[in-house]
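These are my notebook entries on one protein structure. I set out to record how its parts are arranged.

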Amino acid sequence: MFTLGQRVIITADSFEQSMPIGEHAYLIGRDRNPDSAFDWLIRVPKYDRHFPVTDKDIALEETIWAEAAERAQPE
């Protein structure tokens with residue numbers, strides 16, 4: 001679903017890391033350790049920080065825009 005370098009949007013903060021929900025981020029690494037709860041490492045350029053995240057905490061930017069377009073179409 002995700003590949004390195006993709007632009008994503010932070011949609012949740014499952015582990016309460018004070019992540020900026022709704023901000024853009026870039027996938028910069030994948031955590032392949034089976035003992036880790038995190039799947040990806042993201043970089044948030046606006047805050048100049050890195051965060052380990054799960055798949056549930058991020059969504060592709062294109063997916064967010066498509067969902068917004070579907071909601072606005074009936075209106």
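The entries below go from the sheet to the helix and then to the core.

**Entry 1: the sheet.** I note at the outset that this is a predicted model. I looked up the strands and found that 5 of them form an open sheet. Their order is 4-3-2-1-5, and the pairing is antiparallel. I recalled that strands of a sheet pair through backbone hydrogen bonds, either parallel or antiparallel.

**Entry 2: edges and twist.** Which are the edge strands? They are strand 4, residues 49-53, and strand 5, residues 58-60, and each pairs on one side only. From one strand to the next, I recorded an average twist of 45°.

**Entry 3: one strand pair.** I then examined strand 3, residues 40-44, which is joined to strand 4 by 5 bridges. The two strands run antiparallel. Within this pair, I found valine 53 of strand 4 to be the bridge partner of tryptophan 40.

**Entry 4: the helix.** I traced helix 1 over residues 61-72 and saw that it lies across strand 1 (7-10), strand 2 (24-30) and strand 5. Its angle to strand 5 is about 75°.

**Entry 5: the core.** How many residues does the largest nonpolar core have? I recorded 13, and those with the most contacts inside it are Phe2, Val8, Leu27, Ile42, Val53 and Ile58. Strands 1, 2, 3, 4 and 5 each supply at least two residues of this core. The largest share, 3 residues, comes from strand 3. In soluble globular proteins, nonpolar side chains tend to be buried together.

**Entry 6: valine 8.** Leaving aside neighbours within four places in sequence, I listed the contacts of valine 8, among them Phe2, Leu27, Ile42 and Ile58. Valine 8 is also in contact with Glu23, His24 and Glu61.

Note on methods: Residues numbered from 1 in each chain as written. Predicted model: local features only at pLDDT ≥ 70, side-chain atom pairs only at ≥ 80, totals over all residues. Heavy atoms only, no water. Pairing = 2+ DSSP bridges. Helix = DSSP H or I, 4+ residues; strand = E, 2+ residues; numbered from the N terminus. Axes fitted to C-alpha atoms, helices over the stretch in contact; angles between N-to-C directions. Contact = heavy atoms within 4.5 Å. Core = buried A, V, L, I, M, F, W, Y, C linked by side-chain atoms within 4.5 Å. Buried < 20%, exposed > 50% of the residue type's maximum accessible area, 1.4 Å probe, protein only.
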